[in-house]
Amino acid sequence: MRRSLALMSAACLVAVTACDTSSTDSDDPPETVEEITEQGLAGLALLHRGYEGGDPETDQVLVFHDPVTGRPVHELGLPEGAVDPMASDLPVHSQFSADWQFFAYATTEPSAITIAALADPEDVEGSAVAEATGEEGEAPAMITYQPVESVTASSGEVVSRPVIHGDRLWYVSDNEQDVQPPQVMSVPLDAPGGTPNQEGTLPLGEGRRPSDWALTPAGELHIRNSVPTQQLPGADGRTLVVRQTNGSVVNASLTTAEGQWQTFDDGLVWGGGTAVLVHDPAGAQQMAGAYLVAVDGQTHTATRIMENSGGPVLQYAPAPERDAVLLQTEEAWFRVDLEEGEVTGTEEAFPRFHDASMDGYPLVVRWAEEPPEDEAGASPSS
């Protein structure tokens, strides 16, 4: 049975050392979609596949954890099977809208991109949560994402890799009946059934594998194989190789005596000239920690972080103001504080979490501190 968040909060009050006044204020978390719209959601958002020991396919939950103590403060249920229960390094950070109202996911039979919107338990017709009584001592019924719209593939077409940015839904369209490279398309989030915009072509590389792509924080399309590399020297004599779009570093690699360090595949784009590099996992021994690199004109700086953390960095989430970053190893989450890009402190924050996926830990979505200002959410039609 899912543990009550209220009971866990009480336990935190008993263990005074586990709580902190600077952590997320979760004394009265939003309990309805309307309250979420008004108050927003804050915390380290992680997607658990098999939450609290459940099934990794049917029990998928977006959990907001206190960024100081790690304790869960809010939960949102996902549609069954919305995320591959066993795949690694999925870019789920791009599948949720900025205000958390919408979630997009791909299905294969039939091929489609589904948009799901937040729904209160009583609005989910015929479901178990709609019949929840909320008896005393039980956790309140969970708010869930429910399908409301979809982009359906045409004959021979396969649609995949949904990305929500602003008021648009981006995805990849590939027609198996011709030899043309896949296309990146976009549609309005509130009218996904209309004619899509063709945003770019993904060049085919070795083995006809299409190029990686991403959106910058400003919503600009970055197609890796269409962007030339730049070699930027550093004061230490090492050269950083980057691909960037309008000042946002998306791909980067740095060679040191320990081997090559590189950006995460399909990882969250930090924005500006900053990126987090991890040791090449193809190496014989993956090194601990990471590099925080910053591009400044035609040069760069590279700062080694968490060298004594006991293991490589597996995923990370920068703070919205980019004045800190949370990074996960096999054992724990660490916090690195920054001031004008310079590291000012590093500390272990809390143990890493477990789920029932193949990797055994939930996927990072992002670190949210406050709702976006003056951003009106789209409203897909019912």
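Let me start with a pairing between two strands: Gly77 has Thr144 as its bridge partner, and Thr144 sits in strand 6. I should say at once that what we are looking at is a predicted model. The pairing to which I will turn next is that of strand 3 with strand 6, the latter covering residues 143–152, and these two run in the parallel sense over two bridges.

Stepping back to the sheet, we find seven strands in an open arrangement, with the order 4-5-6-3-2-1-24 and with mixed pairing. At the edges are strand 4 and strand 24, the latter spanning 363–368, and each of these pairs on one side only. If we ignore direction, neighbouring strands in this sheet are turned by 30° against each other on average.

Now to the backbone, where I would like to take three places in turn. Between Glu109 and Pro110 the peptide bond is cis, with omega at about -5°, and Pro110 belongs to the loop that connects strand 4, residues 102–108, with strand 5, residues 111–119.

The second place is Trp100, which is not a glycine and yet has a positive phi, near 70°. Trp100 lies in the loop between strand 3, residues 72–77, and strand 4. Is this residue buried or exposed? Its relative accessible area is 2%, and because buried means under 20%, Trp100 counts as buried.

The third place is Asp266, again a residue other than glycine with a positive phi, here about 55°. Asp266 is located in the loop that runs between strand 16, at 259–262, and strand 17, at 274–279. In contrast to the buried Trp100, Asp266 is partly exposed, its relative accessibility being 31%.

Finally, I would like to spend a moment on Ser211, which is found in the loop between strand 10, residues 197–201, and strand 11, residues 213–215. With a relative accessible area of 4%, Ser211 is buried. Which backbone nitrogens lie within a few ångströms of a polar atom of its side chain? One is the backbone nitrogen of Asn225, at 2.9 Å from a polar atom of the Ser211 side chain, and another is that of Arg224, at 3.4 Å. Leaving aside residues up to four places away in sequence, the residues that Ser211 touches are Leu202, Pro203, Ile223, Arg224 and Asn225. Arg224 and Asn225 therefore appear both among the residues touched by this buried serine and as the owners of the backbone nitrogens just described.

Conventions: Residues numbered from 1 in each chain as written. Predicted model: local features only at pLDDT ≥ 70, side-chain atom pairs only at ≥ 80, totals over all residues. Heavy atoms only, no water. Helix = DSSP H or I, 4+ residues; strand = E, 2+ residues; numbered from the N terminus. Buried < 20%, exposed > 50% of the residue type's maximum accessible area, 1.4 Å probe, protein only. Polar contact = N/O pair within 3.5 Å; in protein donor to acceptor, adjacent residues only side chain to side chain. Contact = heavy atoms within 4.5 Å. Pairing = 2+ DSSP bridges. Axes fitted to C-alpha atoms, helices over the stretch in contact; angles between N-to-C directions.
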